[in-house]
Amino acid sequence: EHKHLLSFDNDDFWRAVNSNCLDISVLDWCKLFADKKGEYYWKNIVTDAVSFKADLLLHLGLDEEAFNRQVNSIREYRDKWVAHWDLNRKPIAPALEVAKKAVWFYQPYISKHELVGLAWDIDSGYKHCEREANAVYRTAASEPAL
C-alpha cells in the first residue's frame, strides 16, 4: 500500500509549510506597513505620504483607525507568534484580506510614482505563484511518499 505525500503521515510537513508561508507573509507585510522605523516602511518610500495614505484608505474602504487596528493585529501576530513565542496565548492567525488589498494597492502605486520601471502586474505574479503551488499540491496528491 502506497501512502501519498498528502497522507496523514505527512500532515506535520504540510502544516509547517502552510505556517511558514503565513509567517513570511506577515513578516514582509510588516516591513511595508507596520515597522515605522524600517527601511521599507511605506512613509520612507513614497514621496507624497499624505496622498498615498488617503488613497490607500480609500482603496481599502477604511478610516485611519480601522486600518491601524488591522496593522496592530498583524503586528501582534508577528510579535507574539513569529518573532517570539508567547506560551500563554492561543495562536490565532490574523485576517489577511485587508493586508492583501493593501499590498495590491502598494505595488502599482510604487511602480507608478516612485520606482518607475518596476512595472509588473501583481495579479499576474500572484496567479503564477498560485499555479505553481497547485502543481506541487497535485503532484503530492498523486505520488507515493518516498
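Reader: Which helix gives the largest share of the lining of the largest pocket?
Author: That share comes from H1, which supplies 10 residues of the lining. Please note that this is a predicted model.

Reader: What is the volume of that pocket?
Author: The largest pocket has a volume of about 1000 Å³. It is lined by 25 residues, and those closest to its centre are Cys21, Leu22, Ser25, Tyr126 and Cys129.

Reader: Which helices each supply at least two residues of the lining?
Author: Helix H1 (11-33), helix H4 (97-113) and helix H5 (122-142) each do so.

Reader: And how do the lining residues divide into nonpolar, polar and charged?
Author: There are 18 nonpolar residues in the lining of the largest pocket, together with 4 polar and 3 charged ones.

Reader: Stepping back, how many helices and strands does the chain have?
Author: The chain has 5 helices and 0 strands. Read from the N terminus, the order of elements is α-α-α-α-α.

Reader: What share of the chain is buried?
Author: Of the 146 residues in the chain, 25% are buried. The chain exposes about 10300 Å², and carbon and sulfur atoms supply 56% of that area.

Reader: What about contacts, how many join residues at least 24 apart?
Author: The figure is 59%, taken among contacts between residues at least 6 apart in sequence.

Reader: Back to H4. What span should it have, and what does the model show?
Author: H4 has 17 residues, so at 1.5 Å a residue it should span 24 Å. Its end C-alpha atoms are 24 Å apart, which agrees with that expectation.

Reader: Which residues of H4 are buried?
Author: They are Val98, Ala99, Ala102, Phe105, Tyr106, Gln107, Tyr109, Ile110 and Ser111. Two of these, Val98 and Ala102, are touched by Leu60, a residue of helix H2.

Reader: What else does Leu60 touch?
Author: Leu60 also touches Phe67 and Lys101, when residues up to four places away in sequence are not counted. In addition, the C-alpha atoms of Leu60 and Phe105 are separated by 8.6 Å, although these residues are 45 apart along the chain.

Reader: Is Leu60 buried or exposed, and why?
Author: Leu60 is buried, because its relative accessible area is 9%, and buried means under 20%.

Reader: Lys53 is in H2 as well. Why does it count as buried?
Author: Lys53 has a relative accessibility of 15%, so it counts as buried by the cut-off of 20%. Leaving aside neighbours within four places in sequence, Lys53 is in contact with Trp42, Glu64 and Phe67. Phe67 is thus a contact of Lys53 and of Leu60.

Reader: And Ala49, where does it lie, and what is it in contact with?
Author: Ala49 lies in helix H2. With neighbours within four places in sequence left aside, Ala49 is in contact with Trp42 and Lys43. Ala49 is partly exposed, because its relative accessible area is 25%, which falls between the cut-offs of 20% and 50%.

Reader: Changing topic, where is Ile92 found?
Author: Ile92 is found in the loop between helix H3 (64-83) and H4. The C-alpha atoms of Ile92 and Trp81 are separated by 9.0 Å, and the two residues are 11 apart along the chain.

Reader: Is Ile92 buried or exposed?
Author: Ile92 is exposed, since its relative accessible area is 62% and exposed means over 50%.

Note on methods
Residues numbered from 1 in each chain as written. Predicted model: local features only at pLDDT ≥ 70, side-chain atom pairs only at ≥ 80, totals over all residues. Heavy atoms only, no water. 1 Å grid on protein atoms, 1.4 Å probe; cavity = no way out; pocket = protein on both sides within 12 Å on 5 of 7 lines; lining within 4 Å. Points joined across faces, edges and corners; volume = space filled by probe spheres on them. Helix = DSSP H or I, 4+ residues; strand = E, 2+ residues; numbered from the N terminus. Nonpolar A, V, L, I, M, F, W, Y, C, P; charged D, E, K, R; others polar. Buried < 20%, exposed > 50% of the residue type's maximum accessible area, 1.4 Å probe, protein only. Contact = heavy atoms within 4.5 Å. Areas by Shrake-Rupley, 256 points an atom, 1.4 Å probe, with all protein chains shown as cover. Expected span 1.5 Å × (residues − 1).
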